[in-house]
Amino acid sequence: MQLTSHSDYALRLLMYLAIHVPDKPATVKDASERYGISTNHLAKVAQRLVQEKIINSQRGRGGGLSLAMPAEQINIGHLIRKIENPELLECFGSNCSCPIESVCVLFSALRKAQQAFFNVLDEYTLADVVKNKHKLQQSLLLARAV
């Protein structure tokens, strides 16, 4: 399964927020510069994460982004299910018009593969993927300096 850039950016932003040193507010602009990705795209991702109540956004001077809950409570599998379209093919949705849907073995194989994919992601939280916090911080500092 291939994740969209929206999910990629969401995961990157969440990792950034989880390791952010609170010496100054975390901003979309700073995160986008550190990762070398589009500020506009990352802002749309941040807006979606705010809507999903995964991050908080505070406007104005001293404002910025923060996690809406502890990193241990942000499950990666759950997150991806929220922001990705899990319908790999038309037959995964409710409006399938395929004439072989009811007898298709491929559908079952793909559904099983997708479930295995999510089962693995369900084993990880945001805290798990930022256990190497100091190395991640150094990498992002170095990326900004380049």
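This report walks through the fold, core, helix crossings and a few individual residues of a predicted model.

## Overall layout

Let's start with the whole chain. It has 7 helices and 2 strands, and the order along the sequence is α-α-α-β-β-α-α-α-α. Taken along the principal axes, the box filled by the C-alpha atoms is roughly 60 × 30 × 30 Å.

Of the 146 residues in the chain, 34% count as buried. If you look at contacts between residues at least 6 apart in sequence, 64% of them join residues at least 24 apart.

## The nonpolar core

The largest nonpolar core has 34 residues, and L13, L14, L49, I55 and L67 are those with the most contacts inside it. Several elements give two or more residues to this core: helix 1 (5-19), helix 2 (28-35), helix 3 (39-51), strand 2 (64-67), helix 4 (76-83), helix 5, helix 6 and helix 7 (133-145). Helix 1 gives the most, with 9 residues.

L13 is a good place to zoom in. Setting aside residues up to four places away in sequence, L13 touches A31, L42, A46, L49, I55 and L65. Two of these partners, L49 and I55, are also listed with L13 among the residues with the most contacts inside the core.

## Helix 1 against helix 4

The axes of helix 1 and helix 4 come within 10 Å and cross at roughly 140°. Angles over 145 degrees would count as roughly antiparallel, so helix 1 is classed as oblique to helix 4. The crossing of helix 1 and helix 4 is right-handed.

On the helix 1 side, the contact is made by H6, S7, A10, L11 and L14, while helix 4 brings I76, L79, I80 and I83. L14 therefore has two roles here: L14 takes part in this helix contact, and L14 is listed with the residues that have the most contacts inside the largest nonpolar core.

## Helix 2 against helix 3

Helix 2 and helix 3 have axes that come within 9 Å and cross at roughly 125°. That angle makes helix 2 oblique to helix 3, and the crossing is right-handed.

Here the contact is made by V28, K29, A31 and S32 of helix 2, together with T39, L42, A43 and A46 of helix 3. A31, L42 and A46 will be familiar, as they are also among the residues that L13 touches.

## Y9 and V50

Y9 lies in helix 1 and is buried, with a relative accessible area of 15%. Leaving aside neighbours within four places in sequence, Y9 is in contact with I37, H41, L42 and V45. Y9 and K44 are 35 residues apart in sequence, with 9.7 Å between their C-alpha atoms.

V50 belongs to helix 3 and is partly exposed, at a relative accessible area of 32%. With neighbours within four places in sequence left out, the contacts of V50 are I55, N56 and S57. V50 and L67 are 17 residues apart in sequence and 9.3 Å apart in space, C-alpha to C-alpha.

## Two loop residues

K53 is worth a look if you are checking backbone torsions. This residue has a positive phi of about 65° although it is not a glycine. K53 is found in the loop between helix 3 and strand 1 (55-58), and K53 counts as exposed at 61% relative accessibility.

T125 sits in the loop between helix 5 (105-121) and helix 6 (126-129). T125 counts as buried, with 17% relative accessibility. Not counting residues up to four places away in sequence, T125 touches A71, E72, I74, N75 and I76. I76 also appears in the contact between helix 1 and helix 4.

## An aromatic pair

The structure holds 1 aromatic pair. F117 and F118 form this pair, which is edge-to-face, with 5.4 Å centre to centre and 75° between the planes. Planes over 60 degrees apart count as edge-to-face, and the 75° of this pair meets that cut-off.

How do F117 and F118 compare in accessibility, buried or partly exposed? F117 counts as partly exposed at 24% relative accessibility, whereas F118 is buried, with a relative accessible area of 4%.

Notes: Residues are numbered from 1 along each chain as its sequence is written. This is a predicted model: local features need pLDDT of at least 70, side-chain atom pairs count only at pLDDT 80 or more; totals for chains, interfaces and linings use all residues. Side-chain values use heavy atoms; hydrogens and water are left out. Rings of Phe, Tyr and Trp (its six-membered ring) pair if their centres lie within 6.5 Å; planes under 30 degrees apart count as stacked, over 60 as edge-to-face and the rest as tilted. Buried means under 20% relative accessible area, exposed over 50%, partly exposed in between (1.4 Å probe, protein chains only). Helices (H or I, at least four residues) and strands (E, at least two) are DSSP runs, numbered from the N terminus. Contact means heavy atoms within 4.5 Å. A nonpolar core is a set of buried Ala, Val, Leu, Ile, Met, Phe, Trp, Tyr and Cys residues joined through side-chain atoms within 4.5 Å. Axes are lines fitted to C-alpha atoms, for helices over the stretch in contact, and angles run from 0 to 180 degrees between N-to-C directions. Angles under 35 degrees count as roughly parallel, over 145 as roughly antiparallel, 65 to 115 as roughly perpendicular and the rest as oblique. A crossing is left-handed if the near helix is turned anticlockwise from the far one by less than a right angle, and right-handed if clockwise.
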